[in-house]
Structures are given as C-alpha cells and as structure tokens.
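Please read this note beside the coordinates, and check each point against the residues as you go.

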Amino acid sequence: MESFDVVVAGAGPAGLAAAIGAAKLGRRTVLLEKATRPGVKILVSGGNRCNLTHDCDAAEIARAFGRKGARFLGAALRELGPRELRAWIESLGVPTRVEPGGKVFPVSNRAVDVRDALERELERAGVDFRGRAAVRALEDDRAHARFVVKTEGGNFAAPRLVVALGGRSYPKVGTTGDGYALLRKLGHVVGGTGPALVPLIVEAPWVRELSGLTLEDVEIEFGVLELDDAGEKRLLRLDRRRGGFLFTHFGLSGPAPMNLGGVVSNYASLHPSFLTIDFLPGRSRREVDAALRTAIERAGERPARAFVAELVPRRLAEALLREAGAPSDLPLARLSKALRARLLDALFATTLPVKETRGFDFAEVTRGGLDLAEIDPDTMESRRVPGLFVCGELLDLDGPIGGYNFTSAFATGALAGKCAASDRVTSER
C-alpha cells in the first residue's frame, strides 16, 4: 500500500487539472490512469485537433448546460473559466487561435501538443503519474481516515480522493464507465446514461446518397409521436438545433445533428421519432415562395433545379425536387401549385424518421451520470462521503459542440483539485 495526500483516479482533462492543482498546493499527489500515458481522450478530441474551449465568457459556457448545469458550474467556472483555461494552456507553450464560430484550437492543429504540455506540467508540479493502473475498487476506510484505491498496478491510500474516471463515450480510449459502479458502491445515486454529441442514423436512401455533402447552416427539430388525451397521434417537439450539417453513409452528422444526439438517445428507442429539417433557416418561406413565383413569370422555361440550386447545393436541390415529386428538369412554368407547396415543404420542413444514434463508440460525451445533487458545487466534494471529490464527465452534465464540455471538465477538475488539497478536508476525515 502506497500512501499519498491526494489520489486522483483518471487522467483525462478533469483528472489532469485536479492532480496538477493539488500538487501545486503542496500535496503529495498520485494520478492513476488505465492507459500508459495521460490525456488519451485529449488526443482524439476535435478531430485530433483538440477543441480546447470556446471564445466566450464563463456565463455563456454555463448557459450552454441548461438551467441545472448553469447553477452547478458557477463556482467551477470562477475557478477556471474559458479565458483562464486558454491562458493556462498558452502559458504551457501551446499558442491557440479562434476559428469562425468561436471554437478554440491550438495553432498547430495538433491535439498531441496540448496533451504533451499537460504531461510536462504534471512532472513540473511533482505529480506521481502511474499508468497501467486501472481502478478496480474504491474503499472508504473511515477507521483509518483514508480511502483505499485498488488498481491493476497496486494499491494506494490517501485521506482525499478525486474520481475523474470519465463517462462512456469513446470506449476505445478506455472510457468505459467504470466510475459509475464504483460511485454506486460508495452510496451515490447514479442515473442512466446515453450517448450525446453523436451522429444520427437515418435510413432514407436519398439521405445516404448525398454522403459527403456539407451545409454550413441548417436548423433541425427533433420530435416524437405520442397519443393525446383523445387518443390522437401528435408530434411532440422536444429540441431544436442550428448549425453545420453533414450527410453521411449512415445518416447525419455535423454540429446540428450531433447536438440533438443526447435527446435522440433518450427517446428514439421508445417512440416513433422524426427530424424536421429547415435547409434555409436564414430565409422565410414567404420570401422564397415570392421569388419562385417571380422566376416562373420571368423565365418559365428554366429548369426547376436551376432555381433550387441557387438556394442549396445542386445535389441536394435535385434530391429535394425528387422528394417533392417534381423531375429536376421540369420547367418552372409547369410547377403546379401543389408541387410548389411540396417543394417549399422540402426546403423548409423536410421530415425524416430517425432510428437511433451511432452509440457510445461515436459519441463525444455522455448524457446522464452522477446526480448533481450528490455533489457540493462550491467544492466538487461528495455530500455523502467527506473527502471524496467527483469531476468531469462522470457528472450529469453535457453541453453542445464547441469546446463547452472540455471547459466543464477542466473547470470541475481544477476546483476539485484545489479543494481536495485544503486543510478543511483533512480535519473532516
């Protein structure tokens, strides 16, 4: 049994921030990790480029997590907000830049530069890193005022324990949800989990035929069919997102569809589920209808696809015309009132059944997890087990694409590490 002041379990963004913070405050700190090196999830984030954070203030980060998340994250974001996080990474020798839309990446576009810088900071701070140390058990040894952490690489004891074992997203990098069962055994309430920020499976053949086509600005609404009090079916609209969009060989990806992934994973297996897509969110139906009628009057022999291709890419234009029941080479003048209405429906309200998401293997984060009521948001300390801190993706927090979730992980980890290093916890145990 090796003894330390603080044991940190899990070396993702949250665990790295916690271990570095605790060690810098003078605590003998060990960081335990299943992989051979820390920061494996950092390496695969943002398309291997590491979308570190978002170019905004802490209040915007908090709002992105909804009312419950915003209340919970206040103290953590005061400890390490998006601007402070960016400044910290730059102080470690990794310059960053802001892309259109606000995403912050290293200038090098190399996630490995962020991981390596944090690994060097671990060493400078004096953290004892142990790889190949997958956690198998956590014990609250109150008789000796300590926690015992049993791993494949040995056993470790400390009066303070930070659990940052990650969720279930990207299991290929080791995040297989081990922490949930361990926290339950310590008496915590852990809810169900599902994939979030994940592509969607849509089986419509015409969607898959457009594989590779990207759109910069699309609005998508997700809804499910349910029975009202009279027994009639109605579409219950649950969430709406706007942003980039990608047709794929399996369905839909890109920021707008993926931001719907969490709610789709919650409902699609239980109810008939549908996506309603507005391909022209910056324009009104009335405006486009007026432009269409003007085009019919002025150039009635022009092919319909030529008009629609001025609004959306040509491949999509031809597909939407087919879905509306109009041959793409049909002259504008031969578009009946009914055809015009169906074409406008296709442009502004294409409806697609959605089967499911691509699951945890392709999810960027986990929805659900440890009930936030179990944790003191001012310290990240368990309300049930003094001296135990939980941070990162284990918490029931998930935000949109754009660096929000990494910011939450680093921030909750930094707060947990700081508070785990405080004398107050020592006296309690």
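The points below go from the whole chain to its cores and then to single helices and residues.

1. Overall make-up. The model is predicted, and its secondary structure amounts to 16 helices and 23 strands. Along the principal axes, the C-alpha atoms occupy a box of roughly 85 × 55 × 35 Å. Of the 429 residues, 56% are buried, and among contacts with a separation of 6 or more, 74% join residues that lie 24 or more positions apart.

2. Surface and charge. The exposed area of the protein is about 18,100 Å², with carbon and sulfur atoms supplying 47% of it. There are 60 positive and 55 negative charges, and the mean positions of these two sets are 1 Å apart.

3. The largest nonpolar core. This core has 82 residues, and those with the most contacts inside it are Trp 88, Leu 118, Val 162, Met 380, Leu 395 and Phe 410. Helix α15, residues 404–420, gives the largest share of the core, namely 10 residues. A second, separate core holds 51 residues, including Ala 256, Phe 307, Val 308 and Leu 321. As background, nonpolar side chains in soluble globular proteins tend to be buried together.

4. Trp 88 and Ile 20. Residues up to four places away in sequence set aside, Trp 88 touches Ala 17, Ile 20, Leu 80, Leu 118, Glu 121 and Phe 410. Ile 20 itself sits in helix α1, which covers residues 13–24. Is Ile 20 buried or exposed? Its relative accessible area is 3%, and Ile 20 therefore counts as buried, the cut-off being under 20%. Beyond its neighbours within four places in sequence, Ile 20 is in contact with Trp 88, Leu 118, Glu 121, Leu 122, Ala 125 and Val 127. The C-alpha atoms of Ile 20 and Leu 388 are separated by 17 Å, with their positions 368 residues apart along the chain.

5. Pro 38. This residue belongs to the loop that runs between β3 (29–32) and α2 (40–44). Pro 38 counts as buried because its relative accessibility is 1%. Leaving out residues up to four places away in sequence, Pro 38 touches Ala 11, Leu 16, Arg 115, Glu 119, Leu 122 and Phe 129. Although Pro 38 and Arg 130 are 92 residues apart along the chain, their C-alpha atoms are separated by 9.0 Å.

6. Helix α13. Which residues of α13 are buried? They are Leu 316, Ala 317, Ala 319, Leu 320, Leu 321 and Ala 324, and Leu 321 is also one of the members of the second core. The cover over the buried residues of α13 includes α8 (205–209), β14 (214–227), β15 (233–247), α12, α14 and β18. After α13 comes Gly 325, with a positive phi near 90 degrees.

7. Helix α14. The geometry of α14, residues 337–349, can be checked from its length: at 1.5 Å a residue its 13 residues should span 18 Å, and the end C-alpha atoms are 17 Å apart, so the two values agree. Its buried residues are Leu 339, Arg 340, Leu 343, Leu 344, Ala 346, Leu 347 and Phe 348. Among the elements covering them are β17 (273–278), α11 (285–298), α12 (304–308), α13 (314–324) and β18 (350–353).

Note on methods
Residues are numbered from 1 along each chain as its sequence is written. This is a predicted model: local features need pLDDT of at least 70, side-chain atom pairs count only at pLDDT 80 or more; totals for chains, interfaces and linings use all residues. Side-chain values use heavy atoms; hydrogens and water are left out. Helices (H or I, at least four residues) and strands (E, at least two) are DSSP runs, numbered from the N terminus. Buried means under 20% relative accessible area, exposed over 50%, partly exposed in between (1.4 Å probe, protein chains only). Contact means heavy atoms within 4.5 Å. Accessible areas come from the Shrake-Rupley method with a 1.4 Å probe; for residues, only the protein chains shown count as cover. Lys and Arg count as positive and Asp and Glu as negative; His and the chain ends are not counted. The place of a charge is taken as NZ of Lys, CZ of Arg, CG of Asp or CD of Glu. The expected span of a helix is 1.5 Å times one less than its number of residues. A nonpolar core is a set of buried Ala, Val, Leu, Ile, Met, Phe, Trp, Tyr and Cys residues joined through side-chain atoms within 4.5 Å.
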